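Let's take a walk through a protein model together. Have a look at the structure first, and then we'll go from the whole chain down to single residues.

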Amino acid sequence: MGKIKWLFALIVLLFITFAGKIVDLYTEWLWFKEVGFTSVFVKTLFLQIALGIGGGLIFFLFLGANILLARHFAPKYTIYSDDDVVSKLRAYFQMAAQKYRTTVNFYFNLILFTVIFLFSLGAGLDMSGRWNDVLRFLNQVSFKSVDPIFNRDIGFYVFTLPIYQYLRSWALFLLVMTTLVSVFVHLFDGAIRFRRGLSFAPYVKAHLSSLVGLIFLVIAFSYRLNMFELMYSSRGVIYGAGYSDIHAQLPALKILTFIAVGCGALLLINIYLRGFAFPIAGVSILIISSILVGDIYPSIVQQYQVSPNEIEKEKPYIKLSIKGTREAYGLTNIKEREFPANENLTIQDIAKNEATINNIRLWDWRPLNKTYNQIQGIRPYYKFNDVDVDRYYIDGKYREVTLSARELSSDQLPEGARTWINEHIVYTHGYGVALNTVSEVTPDGLPRLLIKDIPPVSSVDLKITRPEIYYGEIASDYVITKTETQEFDYPRGDANKYTTYQGKGGVPLDSFLTRVAFALKFSSLKLFLSDTITEKSRILFNRPIQNRVNTIAPFLSYDSDPYIVISKDGKLYWMMDGYSLTDMYPYSKPFGGSGYNYIRNSVKVVIDAYNGDTNFYIIDKNDPILGAYKKAFPKLFKSFDAMPSDLKNHIRYPEDLFRIQTRMYALYHMKDPQVFYNKEDLWNIPNEIYGQSQQEIEPYYVTMKLPEEKQAEFILMTPFTPSTKNNMIAWMAAKSDPDNYAQLLVYKFPKQKLIYGPMQIEARIDQDSEISKQLTLWSQKGSQVIRGNLLVIPIEQSLLYVEPLYLQAEQSELPELKRVTVIYGSKIVMEQTLEEALQKVFVGAASSTAPAKPSEEKVSVSDLIKQASDYFNKALEYQKQGDWSGYGEQIKNLEDTLKSLKEKAE
């Protein structure tokens, strides 16, 4: 009866432990079925279960078999009368064992079973967690490139070596734990005794010799793997095998491998011999050899043979490291060109580069994000999370724009309105976007919005027909649609507009089991009991797009800046960049603290903001890592050709990848080993001033006509400076338009010529007496002066520097663009508009493009009264339409007119 109770308790414990996991698996399966990737879920789950059961079973059988073997040959209980403490304790337990033999055996076996089970469970779970490595291994493809030392395909290091490394650690843990537990069992059973020294039964020697012999064979296997791991050595001046590694460490590892195999063999042979002379001698030789041959000898070679003549010894390996790193980070096909940085631009050149000038980004995303939230937030629960840069054909012209999605943040609902119904059934989605060109500004210093308000109002040929955003960057965890309660759609005056979701997203709550499962998953009894939920209702979860893609394809890494796109039919889509990563590329230096030393932008992900449809398009079909995943999940990935053409026009070269590549290129543009060794031409990413403090300049998108190109393109660029100086030495550009996507260009400046770097330009701005005086005046009046991104704009064969300047009142979160600073050659001007600044730089006198206002002396009192009435009526019209930006503009004009009227009256 007691055994049955223990078994029942174990079953209850297992159910409690795994019930939550079963619910998660069921709901995840329903979700994968909804998104159309059931095969991904099933294959991944099957692999995890197979590895978990296989690994746990092997661990259980091996450990259990050794314990059964130890107990089977256990000697009869014998009471010893020795005086040592251990023997007395054993004698005490043995007397108790003889008296309560059955009970003691049961509990001891139960303890052993528990130990075996827990260790096996842990080993199985650990192996199950390696499913991604196993998946790569089983579906590996060739890199079509070999390492320079062992002549192995790079795929061996990326796909196979990680499996070998894991099996080494796993097997070593299994053998060590089995040995320790076996020793404990032998001690308990009295087969190992401390009677006038150490003594043990004959079978114990055979048992433990076998286990330790296997441990040494695993150690030999480890030494063999250590040879390949030299590809990641950091001993010398480069990352990868250097002179000491190849000429000292590698031979040492070969010797140690043979010694370890010999030790293992001696231990296995020792089963049939008396004593431990041979094993002790073998182990001693291995320990001494590992110290002398494995550690001391390579250090001596490094210290006395390599260091005195390091550049000559390491030169071939420096070449290998440069080559490997450039290949791993996609830097081999960069086209390098000379850029003379002439100072002969004319106003005619400016006019000829109209596409570049009209798309100079005056709106920095950080102050613009604040502005969006202030003038387009409409309600407290709407939030613009991020501002993105993209390009569209607007009224037939190729224009660079900034835009942001108006998402709904349920956390911002008023305190009394944060009920379960409101958060999960009523307030379900965001609505529309705000969009403006990067270079246009209203007279009040605000962005000229081309798309604004709720419902979306567009002043151009870019329309939004499906503005609802159910999937986004800040979407709450889950919402329930198609219920008896209508969803809030958008505010409309004093009332609200309501709607019912018409999309196909979400899992149907059409069964009792499904509702119970989701109630358990989200720990909400209301989800099960609510009368407003019907069989037609659907639950939308995994709505944050980052969670969504990570759930579908967790084996990829994703860019930190997803962006919203308006399709030609007016629908909203999110676009994200997916990366293939590994830390196992030979002779490639890891990036920063990430540990990864290989990256490819292999996938473009498109998510429908309304339905949640998620598609993975292959953008780099030559990436072997993605090739392995495509082989494993053929239905998951689509050809880039299958992407709708209007969405193709909005792919961007990803910022995270470009940021990594520019940092690596700053060092690895040096191909000559001697120059690389001395770091003679080391570059750096320059700083700029944002707000009032220095920060590293971020890569920025710009629409411009590159030198030697015929038309403007959407590119991502960043400048370089020498590592110890502030002058500019080069700039890198990455093309984003589909026809030339991912082409990398580097334009180098003449080294004999001073080209101002960003911080030198910032210093010139500070040193200009007129500009400095104006900045000080604004600061004294209580306004915060925000200096935006300093943009370096190449035009023809010259450089133009542009920095926008914003003012923000102390009690306001509404930055206004007030001035634009343009620097060219020795000229530096700050004007109200870019047009005025360019006019002053290249012609000599500012000429505003704004229409001239009539002199106040010529305006009569009746004219001012009529003008005030017009402004007031227009303000009322904008208020009715919900156009608060237009309303504010008219009220400001009304105030100015009333001031003029008051002056007339006086």
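## The whole chain

The protein chain has 906 residues, and 53% of them count as buried. Keep in mind that what you see is a predicted model. The chain holds 26 helices and 34 strands.

What about the outside? About 42100 Å² of the protein chain is exposed, with carbon and sulfur atoms supplying 57% of that area. Contacts also reach across the sequence: if you take those between residues at least 6 apart, 67% join residues at least 24 apart.

## Two nonpolar cores

Now go inside. The largest nonpolar core has 233 residues, and those with the most contacts inside it are Ile539, Ile566, Phe616, Leu636, Phe637, Leu800 and Val822. Helix H6, which covers residues 154–189, gives this core its largest share, 13 residues. Another core, of ten residues, lies apart from it, with Tyr382, Leu413, Tyr431 and Phe488 among its members.

Which residues does phenylalanine 616 contact, leaving aside its neighbours within four places in sequence? The list includes Phe37, Val549, Ile552, Ala553 and Tyr558. Also in contact with phenylalanine 616 are Leu636 and Phe637, which sit beside Phe616 in the list of residues with the most contacts inside the largest core.

## Two helices that meet

Next, find helix H9 (residues 277–306) and helix H10 (residues 310–328), which pack at an angle of about 120° with their axes 9 Å apart. H9 and H10 are therefore oblique to each other.

On the H9 side, the contact is made by Gln302, Gln305 and Val306, while H10 brings Glu310, Lys313 and Glu314. Sorted by class, the contact of H9 with H10 has one nonpolar, two polar and three charged residues.

## Buried spots in helices and a loop

Threonine 257 is part of helix H8 (residues 243–269). Is threonine 257 buried or exposed? Its relative accessible area is 14%, so threonine 257 is buried, since buried means under 20%. Not counting residues up to four places away in sequence, threonine 257 touches Ala220, Tyr223, Arg224 and Met227.

Over in helix H15 (residues 512–521), the buried residues are Thr514, Arg515, Ala517, Phe518 and Ala519. Aspartate 444, in turn, belongs to the loop between strand E8 (433–441) and strand E9 (447–452), and counts as buried at 17% relative accessibility. Here's a neat pairing: aspartate 444 and lysine 892 are 448 residues apart in sequence, yet 8.5 Å apart in space, C-alpha to C-alpha.

## Some unusual backbone

A bit of background helps here. Most residues other than glycine have a negative phi, and most peptide bonds are trans.

Now for the exceptions. Asparagine 151 has a positive phi near 60° and is found in the loop between helix H5 (131–138) and H6. Asparagine 542 has a positive phi as well, near 55°, and its place is in the loop between strand E16 (538–541) and helix H17 (545–552). Their surroundings contrast: asparagine 151 is exposed, with a relative accessible area of 58%, whereas asparagine 542 is buried, at 15%. Serine 523, just after H15, takes a positive phi of about 50°.

What kind of peptide bond joins isoleucine 454 and proline 455? The bond is cis, with omega about -10°. You'll find proline 455 in the loop between E9 and strand E10 (457–458).

Technical notes
Residues are numbered from 1 along each chain as its sequence is written. This is a predicted model: local features need pLDDT of at least 70, side-chain atom pairs count only at pLDDT 80 or more; totals for chains, interfaces and linings use all residues. Side-chain values use heavy atoms; hydrogens and water are left out. A nonpolar core is a set of buried Ala, Val, Leu, Ile, Met, Phe, Trp, Tyr and Cys residues joined through side-chain atoms within 4.5 Å. Buried means under 20% relative accessible area, exposed over 50%, partly exposed in between (1.4 Å probe, protein chains only). Helices (H or I, at least four residues) and strands (E, at least two) are DSSP runs, numbered from the N terminus. Contact means heavy atoms within 4.5 Å. Axes are lines fitted to C-alpha atoms, for helices over the stretch in contact, and angles run from 0 to 180 degrees between N-to-C directions. Angles under 35 degrees count as roughly parallel, over 145 as roughly antiparallel, 65 to 115 as roughly perpendicular and the rest as oblique. Ala, Val, Leu, Ile, Met, Phe, Trp, Tyr, Cys and Pro count as nonpolar, Asp, Glu, Lys and Arg as charged, and the others, Gly among them, as polar. Accessible areas come from the Shrake-Rupley method with a 1.4 Å probe; for residues, only the protein chains shown count as cover.
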